[in-house]
Amino acid sequence: MMSKSTEPDDLHVLHADDFEPQRPEWSHKQFRRMVWKTRWKIFLNAGGVLFLIFILYHVYLTALHMYFDQSKVRNEFMRSIISVVEMHGDGLRVEKNPNQTFEVTPFLTQKANLKVYRLVGSSEVITGEVQAERSITGKFSYKMNSTGAYLNGNEPGPFYLPYDLVDGKPSHEDTEENSSSKRLRKIDDGHVAEMSISLKNLKSPEQLMQLLSKYDVRVTAMLIYSGEMQEKNLSYSRAGMFDYNVPHLTLKPLYEMEDGGGRWFNYFPREHVDQKLAQSEGTMKEQIQGMMSDLGWMTSKLSYTGVDLDQRRLAYLKKNGVQVYGAIVTGPVRELQKITENPEFQHVHLNRVEIWNWD
């Protein structure tokens, strides 16, 4: 009988199956502890990242406000609002506060809400609010919200172009009694008002001021003719066969923005016996130069609806000079009543009426 052969120990081959891995026995409690420990680490890491983002975001906003709070940057934005809104308004004033605060979004858009008012007599009557913003690309836009006390008493106008510009004669009868004159006669002497007036012929700002010098009124704005009737596809409205009401630029009393704030005048200068008072209001030449400078600045620095038209208007004014065809005036109702009787004017329109406040 043959004995079973055996392999030498050093020739014995070990196989993977000969090893049984030793897996630890995990209890359910230990497993849950490990899961929560992992979750807690993830939570802490995420919280740390969010906190870091929060800190960086606030550092970023702080740096933004530090930059935009510089007087030069703030004043440029304020100038954008004042220039565009008042240049296209009719005697409208924007709140002017050198320390006015405004919002800056993370995307570098500047926003501001400012009061707007009108000068009625010697008082500043708030009539609404302008919501304006300017993007990092220079795009400027604004929206007007009326908050006035009267439903139909905040807006001036309408204004109409002189007859010679529309190649015709007035469609209404000159002898027709004007409704504004009727209203003025019914208002007692203890009131002041604001009134819109249109001229029958173009005049220089100096000529218009001379025409109004015989009345105890102040002029808050003038309507500028800048070649609008030469523009194709320009929107306009007609009250009659030859009465054209078109969009326009406005000559307003001088406002200059300076690094430490601004200086401005509420009214256009009149002829004064007191030369110091006359100098404090600036000359009409300074008013016109200021308007042209402002128009040049806003058409070159800003992007807004109608900027192309304003650029053509600027070119027209540089070539032909500044002429006006209407104005916003304010003063005692009896003085305004006298203006309605002057044959140089047409289409007078009574706007706001307030209790007496006249110096």
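This report walks through a predicted model of a protein, from its overall make-up to its central sheet, its salt bridges and a few unusual residues.

## The whole protein

Let us start with the broad picture. The protein holds eight helices and 14 strands. Of its 359 residues, 44% are buried. Its accessible surface comes to about 21400 Å², and carbon and sulfur atoms account for 54% of that area. Contacts also say something about how the chain is arranged: among those between residues at least 6 apart in sequence, 73% join residues at least 24 apart.

## A five-stranded sheet

A good place to look next is an open sheet of five strands, in the order S10-S7-S13-S6-S14, with antiparallel pairing. Strands S10 (249-251) and S14 (345-355) stand at the edges; each has a single partner strand, so one side of each is left without a neighbour in the sheet. From one strand to the next, the twist averages 25°. As background, strands of a sheet pair through backbone hydrogen bonds, either parallel or antiparallel.

Strand S6 is a helpful guide to this sheet. Eight bridges join S6 (residues 191-203) to S13 (residues 323-332), and the two run antiparallel. Across this pairing, Glu194 stands opposite Thr330 in S13, while Met195 stands opposite Val329 in S13. S6 also pairs with S14 in the antiparallel sense, over seven bridges. There, Val192 has Glu354 of S14 as its bridge partner.

Is S6 buried or exposed? Of its 13 residues, 12 are buried, so S6 is largely enclosed by the rest of the structure.

Helix H4 (residues 205-212) lies across S6, S7 (218-225), S10, S13 and S14, and runs at about 130° to S6.

## Salt bridges

Now for the charged side chains. Side chains of opposite charge can pair when their charged atoms come close. In this protein the count comes to 11 salt bridges. Three of them, including their closest N to O distances, are set out here.

| Residue pair | Closest N to O distance |
|---|---|
| Lys96 and Glu86 | 2.7 Å |
| Arg118 and Glu194 | 3.0 Å |
| Glu228 and Arg313 | 3.1 Å |

Begin with the salt bridge between Lys96 and Glu86. Lys96 sits in the loop between strand S1 (93-94) and strand S2 (103-104), and Glu86 belongs to helix H2 (residues 71-87); the two are 10 residues apart. Both Lys96 and Glu86 are buried.

Next comes the salt bridge between Arg118 and Glu194. Arg118 lies in strand S3 (residues 110-120) and Glu194 in strand S6, so the pair ties together parts that are 76 residues apart in sequence. Both of these residues, Arg118 and Glu194, are buried. Glu194 has already appeared above, as the residue opposite Thr330 in S13.

The last pair in the table is Glu228 with Arg313. Glu228 lies in the loop between S7 and strand S8 (237-238), while Arg313 lies in helix H7 (residues 307-320), so this salt bridge ties together parts that are 85 residues apart in sequence. Glu228 counts as buried, at 1% relative accessibility, and Arg313 is buried too, with a relative accessible area of 3%.

Some salt bridges share partners, and in this way Glu86, Lys96 and Lys252 are joined into one network.

## Residues with a positive phi

Most residues other than glycine have a negative phi, and most peptide bonds are trans. Against that background, two residues deserve a look. Leu108 is not a glycine, yet its phi is positive, at about 70°. Leu108 is found in the loop between S2 and S3, and is partly exposed, with a relative accessible area of 22%.

His347 has a positive phi of about 50°, although this residue is not a glycine either. Where is His347 placed? His347 belongs to strand S14, one of the edge strands of the sheet. Why does His347 count as buried? Its relative accessible area is 19%, and buried means under 20%.

## A nonpolar patch

To finish, here is a feature on the outside. Phe51, Phe54, Ile55 and Val59 form a nonpolar patch on the surface, and together they have about 400 Å² of accessible area. Phe54 lies in helix H1 (residues 28-68). With a relative accessible area of 46%, Phe54 is partly exposed.

How values were computed
Residues numbered from 1 in each chain as written. Predicted model: local features only at pLDDT ≥ 70, side-chain atom pairs only at ≥ 80, totals over all residues. Heavy atoms only, no water. Patch = residues over 30% accessible without salt bridge, like charges linked within 9 Å, V, L, I, M, F, W, Y side chains within 5 Å. Areas by Shrake-Rupley, 256 points an atom, 1.4 Å probe, with all protein chains shown as cover. Salt bridge = Lys/Arg side-chain N within 4 Å of Asp/Glu carboxyl O. Helix = DSSP H or I, 4+ residues; strand = E, 2+ residues; numbered from the N terminus. Buried < 20%, exposed > 50% of the residue type's maximum accessible area, 1.4 Å probe, protein only. Pairing = 2+ DSSP bridges. Axes fitted to C-alpha atoms, helices over the stretch in contact; angles between N-to-C directions. Contact = heavy atoms within 4.5 Å.
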